[in-house]
Each structure stands twice: as structure tokens, then as C-alpha cells.
Amino acid sequence: MKKTRIVAVLVAAIAATALTGCSADNAPVKVGKGFRCAEGETYVMNVMVSAHPYWVPVYQGFKQAAEALGCETSFSGTPDYDITKQIASFEQDVVKSPAGVLLHPMQSDPFVEPINAAITKDVQVVTFAADSPRSKRTSYVTSDNVAEAEFAAKEIVKAVGENGQYAVLENPGQSNHDVRVKAFVSYMEKNHPGMKLVGRQATNQDSNKAYQATGAILQANPELDAMWIPEAGSAEGAVAAVREAKADVKIVHADITPTTLAHIRDGRTLMAINPNQGIQGYMGFLTLFMAAHPDVIDPFNDYKKSGYNPAQVPFIDNGYSVITKANADSFDLDAYMKGRDRN
């Protein structure tokens, strides 16, 4: 089933359930208040590095879905790349007793207990972009990180040929970035053995670290042909280092910022693989609302006996876009935000 059809089917199913409901014996059931929020009912989106432009379209999608159902939203998190500070911000959100939190966990395992504690307090949690799979979160909304990485590998081989050198930057501990790097390297090793991995550095979304790491990789490997980077912050630093060295390195990265978009427009970066952020936020809100209102669902399973939340949607693929010089104007954040409220 195509990704767009998956989303359409889910939305249609939500609408049908909200209108009628069904039970194991096919008899109509009463389903709470349907898909509408009570007055003042609030949902929070919590992230790390909160000033990063990636979150802006995600939150716009989150708000669009919330407004359609008469719900209120707020944006939260920490401006730092710091797991302790993000957990603290998440726990502060939970104290305010929102109906739910759409969470981008910086790291998976440290968030298990905070998420489980929130759910115990009847604050539902859905993760997006990065996950905490050992926790009791009800849903996870993201793009297919393996598909993204494999697509990037294929495009790099098209650009440089079957034999060459490549490097990757990474952010260990963040689940989606770990998958992107692992899948890329695995695909190259299996399908293009002539492409050799000559550099692998942790930069943790820090453009300065990425600049230094890329410079060191280039100094040790002046014949470097390509780089794969799992996010845009590190790509900014990598491009600066490649430009300073006057090297011909094909850079492909995931995500986008206004700076990396400019790099694509002027040809310094080959392309970016960008998750469909608005859909990520929209579907994140819908699954979070379902988790907070399981009474709108009467599924054919044992949830009443076992006691778990019936609104389990373990994974939704929000899809991704490929950004090149040809379509870069469609991803101008300032143009997108004209007339929109960031709050």
C-alpha cells in the first residue's frame, strides 16, 4: 500500500469510528464525545534544541490537526542538546497535566521511565522522528529512515561512480540518526564494495564539531568523494569545511535548514532527504488524541481484559521528500510561514 494511501485510510477510519463506533458483535456502541476536545484540553509538543527550524513545520501540522478538533496546543522543550535538560522539560510539562505530549526523545532509553511515569499519571505520549521503543508510548510517527539512507547511497553512487571514498557524520544515541547511518553503511558494503568508508565522526548536530571533523577527514583523505550526514546542523559545518579545502565532495544529508537549503540552491550540497514534517505533526496529533480518548474506539481485541490502551498504532510512515536545486524554492521556510502563527 502506498504511503499516501496509508494516511488516507487511517484518516477515513478515524472519521468513521468517530461517527459510529463498532463492537465485536457488530452492534453500534456509544463512543465518548467523538473527535472533539473539551474546553481547555491541551496537547504539548516537546523537543530538544527547540530553536531548530525542523520543528516549525512539524508544529504547524500539529496545530492544524488540533484546531480542527477544537483543541489547544503548546510548544515546549529545551534549547540545549542535553538529555538531562530535555527530560526535565518533559517532566515539567507532565506536571501541568496536559492530555498528551508529542515527544521527540533525544535518546531512547533515558526516556523510558519518564514516559511510563507520565502515562501512569494519565498523560499520553506519542513519539515522533526519534523513538523510545521500550517505553509504553502508544504510537511512533516518522519517515522510513532505512529507505532514506538507501536512497542517499544510490544517489551518491550515481554521482561519483562505483569506486571511491566516503565518510559519515553521526549522533550516537538518537534512534533515527543511528538507523540512517547504519543503513547507509550497510547498503554500501553490500551493494557497492568499491566504495570505501574512510571516516566516521560523532558531531552531535554541532556545526562547529562537524566543521572540525570534516576538516580532519579531508586532511587524512584528500581524495574523499562523498559524505552522508543524518541531519542538517552537522551538514552546515561540513559544507564550510569542504568549501574551505576547495574539495570536490558530494554531500547528501537528511533534514533541512535555511542554511542548507541555500547550499543546495548554490550547488554546494547535492541534495537533502527531508521527512514530510507537516504530515509528521498532523498524524502525531491524531494518534495522540486517540491515545487520550480511547473511548472513541471499540476494537476487536482483549484491551478490556488486559487493561492496555486500545489506541495502539506502533508505526506511521509520514514519508519524505528529496530536495534538489530544481525544487528548493518549495522548501523555503520563510515563504511557508507567511501569515502563519509560530506560537
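Me: Which residue in β5 stands opposite threonine 127?
Reply: A friendly word first: this is a predicted model, where local features need pLDDT of at least 70, side-chain atom pairs count only at pLDDT 80 or more, and totals for chains, interfaces and linings use all residues. Numbering starts from 1 along each chain as its sequence is written, and side-chain values use heavy atoms, without hydrogens or water. Strand β4 (residues 124-128) runs parallel to β5, with three bridges joining the two; strands here are DSSP runs of E, at least two residues, and helices runs of H or I, at least four, numbered from the N terminus. Across from threonine 127, in β5, stands tyrosine 140.

Me: Which residue in β11 does valine 141 stand opposite?
Reply: Let's move to another partner of β5, strand β11 (residues 313-317). The two pair in the parallel sense over three bridges, where pairing takes at least two DSSP bridges. The residue in β11 opposite valine 141 is isoleucine 316.

Me: Which buried residues of strand β5 lie on the side other than that of Ser139 and Val141?
Reply: Strand β5 spans residues 139-142, and both of its faces are covered. Ser139 and Val141 are buried on one side, buried being under 20% relative accessible area with a 1.4 Å probe and protein chains only. The buried residues on the other side are Tyr140 and Thr142.

Me: Which cysteine does the disulfide join to cysteine 37?
Reply: There is one disulfide in the structure, meaning a pair of cysteine sulfur atoms within 2.5 Å. Its S to S distance is 2.0 Å, and with 90° about the S-S bond the link is right-handed. The partner of cysteine 37 is cysteine 71.

Me: How many residues apart are cysteine 37 and cysteine 71, in the parts of the chain that they link?
Reply: Cysteine 37 sits in the loop between α1 (3-19) and β1 (42-48). Cysteine 71 belongs to the loop between α2 (55-68) and β2 (72-78). The pair therefore links distant parts of the chain, and its separation is 34 residues.

Me: Why does cysteine 71 count as buried, and at what relative accessibility?
Reply: Its disulfide partner, cysteine 37, is buried with a relative accessible area of 14%. Cysteine 71 also counts as buried, because its relative accessibility is 9%.

Me: Which residues have the most contacts inside the largest nonpolar core?
Reply: A nonpolar core joins buried Ala, Val, Leu, Ile, Met, Phe, Trp, Tyr and Cys residues through side-chain atoms within 4.5 Å, and the largest one here has 46 residues. Among the elements that each supply at least two of its residues are β1, α2, α3 (83-95), β3 (100-103), α4 (112-120), β4, α10 and β11. Inside this core, the residues with the most contacts are Tyr43, Met45, Phe90, Phe128 and Phe285.

Me: How many residues are in another core, the one with Val168 and Ala183?
Reply: In soluble globular proteins, nonpolar side chains tend to be buried together. Here another core lies apart from the largest one, and includes Val168, Ala183, Trp228 and Val252. Its count of residues is 20.

Me: How far apart in space are glycine 233 and proline 310, C-alpha to C-alpha?
Reply: Glycine 233 lies in helix α8, which covers residues 232-245. Glycine 233 is buried, with a relative accessible area of 12%. In sequence, glycine 233 and proline 310 are 77 residues apart. In space, from C-alpha to C-alpha, their separation is 38 Å.

Technical notes:
Buried < 20%, exposed > 50% of the residue type's maximum accessible area, 1.4 Å probe, protein only.
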